[in-house]
Amino acid sequence: MMREVPSGGADRLAYLLKLVAHGPDRFSLGDLAARARLPASTVHRLLQVMVRAGLVERGTHQTYRPGREFYAMASQLVARFDVIRSARPLLEGLVERWHETAVLCAYNPTDRRATIADVVMTPHPLRFAVERGGEILLPWGSLGRAILAFLSGGEMEAIIRETRFGPLTGRPRDPRSELERDLREVREEGVSRFYDPDIEIAGIAAPVFGAEGLVLGCIGVTMPSKRYLLHAEDDLVLAVREAGESLSAQASMGQGGGI
């Protein structure tokens with residue numbers, strides 16, 4: 001059954017990108033227009049957009065080929081999948097040992113946001129709802145500060161200025177001097193600790209680094225604050241830090257360049 005040809009400009013661009021991805025290594029304007037069942041003039045216009053973005057490159061004899069930026073994007077997506085896959089046994093190991101929810105967060109430097117990439121829930125009936133795709137605000141909690149502490153000065157400054165109120169309580173962010181002190185401690189210890197009995201949340205998280213030492217995200221455990229006091233904190237810190245170091249080593253060795 002033939003696929004319906006999209007009518008909108010953005011839809012047609014995405015449609016052509018799929019045809020480029022699934023097509024031959026070299027193709028002409030006429031070839032792509034025939035496969036797309038679109039006028040050559042329309043395909044030519046959209047090809048120029050893709051060329052300017054680096055998603056398609058001009059070849060010899062009036063041909064085109066997938067661009068290096070297209071390949072780079074594809075490899076980043078594969079790398080992201082590989083790191084999440086590599087993190088899974090580490091998350092399961094933390095839950096098996098500590099019986100608390102284990103979380104992997106990914107940092108996106110483009111929009112300066114972190115999201116939950118994977119989670120293994122605690123077997124305890126008393127637990128917080130943690131879902132994949134949820135956003136983490138970086139100035140708050142162990143997960144956010146494990147990332148924020150290792151960003152560049154410019155990124156850190158922009159994030160702190162943009163996020164002034166807590167996501168759960170609506171309370172103002174900690175005074176700048178206190179936040180900077182806490183971030184220094186995170187860098188020194190290699191983990192972020194958070195304990196707030198007022199909102200019943202506690203956790204420990206460690207950063208995850210990729211090649212060239214860039215922070216990709218973090219891995220950690222989160223729990224109700226009442227259970228935090230039942231754990232041997234130093235042992236939990238060591239376990240989380242080792243999980244972060246293990247995943248960082250895998251990412252740096254090329255088993256994943258991003259989350």
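In what order do the six strands of the open sheet stand, and is their pairing parallel or antiparallel? The order is β6-β5-β4-β9-β8-β7, and the pairing is antiparallel. Before I go further, please note that this is a predicted model.

Let me begin at the borders of the sheet. Strands β6, residues 135–136, and β7, residues 192–196, stand at the edges. Each has a single partner strand, so one side of each is left without a neighbour in the sheet.

Moving inwards, β4 covers residues 101–108 and β5 covers residues 113–120; seven bridges pair these two strands in the antiparallel sense. Within that pairing, V103 has V119 of β5 as its bridge partner.

I turn next to β8, which spans residues 201–209. How many of its nine residues are buried? Eight are, and the strand is therefore described as mostly covered. On one hand, β8 is joined to β7 by five antiparallel bridges, and S192 finds its bridge partner in A205 of β8. On the other hand, eight bridges join β8 to β9, residues 215–223, again running antiparallel. There, V208 stands opposite G217 of β9.

Both of these connections are hairpins. The one formed by β7 and β8 has four residues between the strands, and E200 takes a positive phi near 60 degrees. The one formed by β8 and β9 has five residues between the strands, and E212 in the turn shows a positive phi of about 70 degrees.

As background for the side chains, a general remark: in a regular strand they alternate between the two faces of the sheet.

Now to the cysteines. The structure holds zero disulfides. C105 takes part in none, and the nearest cysteine sulfur, that of C218, lies 4.1 Å away. The converse holds for C218, whose nearest cysteine sulfur is that of C105, at 4.1 Å. Because a disulfide requires sulfur atoms within 2.5 Å, this pair does not qualify. C105 is buried, at 0% relative accessibility, and C218 is buried too, with a relative accessible area of 0%.

The next item is R145, located in helix α5, residues 141–148. Is this arginine buried or exposed? R145 has a relative accessible area of 8%, which means that it counts as buried, the limit being under 20%. Its side chain reaches the backbone oxygen of P139 at 2.7 Å. Leaving aside residues up to four places away in sequence, R145 touches a set of residues that includes W140, D174, D182 and S192. S192 is also the residue whose bridge partner in β8 is A205, and R145 thus brings us back to the sheet by way of its contact with S192.

After α5 comes a loop leading to α6, residues 153–162, and S152 has its place there. S152 is partly exposed, with a relative accessible area of 39%. A polar contact of 3.2 Å links its side chain to that of E155. The C-alpha atoms of S152 and L214 are 9.2 Å apart, although 62 residues separate the two along the chain.

Finally, the internal space. The structure holds one cavity of 30 Å³ or more, and the largest cavity has about 30 Å³ of space. Which residues line it? They are E100, T101, T122, R127, F128, T222, M223, P224 and R227. Of these lining residues, T101 falls within the range of β4, while T222 and M223 fall within the range of β9.

Key. Residues are numbered from 1 along each chain as its sequence is written. This is a predicted model: local features need pLDDT of at least 70, side-chain atom pairs count only at pLDDT 80 or more; totals for chains, interfaces and linings use all residues. Side-chain values use heavy atoms; hydrogens and water are left out. Buried means under 20% relative accessible area, exposed over 50%, partly exposed in between (1.4 Å probe, protein chains only). A polar contact is a pair of N or O atoms within 3.5 Å; within protein, one must be able to donate a hydrogen and the other to accept it, and residues adjacent in sequence count only if both atoms are side-chain atoms. Contact means heavy atoms within 4.5 Å. Two strands pair if DSSP finds at least two bridges between them. On a 1 Å grid over the protein atoms alone, a cavity is a set of points where a 1.4 Å probe fits but cannot get out, and a pocket is an open set with protein on both sides within 12 Å along at least five of seven lines; lining residues have an atom within 4 Å of a point. Grid points are joined across faces, edges and corners, and a volume is the space filled by probe spheres set on the points.
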